[in-house]
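I set out to record what surrounds the ligand and how the sheet is arranged. The entries below follow the order in which I looked things up.

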Amino acid sequence: MNVDGVPTRTIRLGQDGLSVEVLDQTRLPHTVAWRRLETVEDAAVAIRTMVVRGAPLIGVTAAYGVALAMREDASEEGLSRAVAALAATRPTAVNLRWALDRMAAALRRPDVNDRVAAAYRLAGAMAEEDVETCRAIGRHGAALIRAAHDRTGRTVNVLTHCNAGWLAAVDWGTALAPVYAAHEAGVPIHVWVDETRPRNQGAALTAFELGQHGVPHTIVADNAGGHLMQHGRVDLCIVGSDRTTATGDVANKIGTYLKALAARDNGVPFYAALPASTIDWTLQDGVAEIPIEERGAEEVTHMTGRSAAGDLVTVQVSAPGSPAANPAFDVTPARLVTGIITERGIAAASRDGLAELFPDEAGR
Ligand code: MRU
């Protein structure tokens, strides 16, 4: 998608062909800056500190992290150490484990004699695959947006939570891929962007990328969604996911569940858009089984933004001394999800629905 009119991806190889460059998302929307990753530790820090974030991008960055590690130590011990370090960075997005398992399995094949070259090749292939996967999600999801337009004859209002756009993947994104595809096909569309406290990925990242790409949108406080739905101002909700169970329960950024409840109460269709790499086929009950990341209290008690003088400043917004809790994700049960938009089509949010589209994975 575009930044300053130039098609841009979130991750790329550096000019030397070995280092990895990522768009620093801790500095958006105020500054477009690239961060160079030279070592596996750099990659792990970038994921942990959310320089890169979003389930698909976490997976691809981890894959490149393994490639960086192989340059330092391509032994079996080096590979295991790298995989363990990267796997420990963030607990909820299963794409991380998916990418690391895939890298480790490929590099352990007996016919691989140059692990460095093989690791870069596979990481690059995974980045390209992510783009195509998200493009396909966009194609399938755009049909829903077009259908809403055909039904009403007016601009389609989509509500999204957090950032599941191209900044959360390599390009296109998941929840926003249908938005971009519909927009490019000329379907009139407007996006309600939940600000997404506490880290404000909606206000900072989703608004940035939609604005850069020319998609009409409006930022709303997280608490506004129910009101907008009650007044017929949302045609459909589309969110991303960090981990989806084999039964269709969807973990996504904290607050997603409340939007699904409001959507159900108001008869608004609620979709999750995600690649197969986000489905954890080992899990049946999302609320009980999906690990939820607990992040630092300061993300709740403080906010960072740009001052009138142009400096980035962090201010405390809470009563001094009051404790704060910060669960970063919640689980929306399958019964509240209208459908799951995947690269293979739209599945019912159920074991049978997902198995119909992914028979091999479901049967394992
Ligand atoms: O904590 P984050 O910013 O990594 O959380 C991101 C989300 O919750 C996204 O909705 C999810 O990863 C899907 S990304 C296509």
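**Ligand surroundings**

I worked from a predicted model throughout. I listed the residues around the ligand and found 18, of which Arg53, Arg90, Asp242, Asn252 and Lys253 come nearest.

I then looked up individual polar distances to oxygen atoms of the ligand. For Gly54, I noted a backbone N or O atom 2.9 Å from a ligand oxygen. For Ala55, a backbone N or O atom also lies 2.9 Å from an oxygen atom of the ligand. With Gln201, the side chain supplies the N or O atom, and I recorded 3.0 Å to a ligand oxygen. How much of the ligand's accessible area does the protein cover? I found that 100% of the 420 Å² that the ligand has on its own is covered by the protein.

**Sheet**

I traced an open sheet of seven strands with mixed pairing, in the order β8-β7-β6-β9-β12-β17-β18. Its edge strands are β8 (217-220) and β18 (345-347), each paired on one side only. I noted an average turn of 25° between neighbouring strands, ignoring direction.

I next examined β6 (residues 156-160) and β7 (residues 189-194), which pair in the parallel sense over five bridges. Leu159 has Trp192 in β7 as its bridge partner.

**Helices on the sheet**

I checked helix α5 (residues 115-152), which packs on the sheet and touches β6, β7, β9 (236-239), β12 (270-273), β17 (339-342) and β18. The direction of α5 makes about 130° with that of β17. Helix α7 (residues 201-213) also packs on the sheet, where I found it touching β6, β7 and β8. For α7, I recorded an angle of about 160° with the direction of β7.

Conventions. Residues numbered from 1 in each chain as written. Predicted model: local features only at pLDDT ≥ 70, side-chain atom pairs only at ≥ 80, totals over all residues. Heavy atoms only, no water. Pairing = 2+ DSSP bridges. Helix = DSSP H or I, 4+ residues; strand = E, 2+ residues; numbered from the N terminus. Axes fitted to C-alpha atoms, helices over the stretch in contact; angles between N-to-C directions. Contact = heavy atoms within 4.5 Å. Near = heavy atom within 4 Å. Polar contact = N/O pair within 3.5 Å; in protein donor to acceptor, adjacent residues only side chain to side chain. Areas by Shrake-Rupley, 256 points an atom, 1.4 Å probe, with all protein chains shown as cover.
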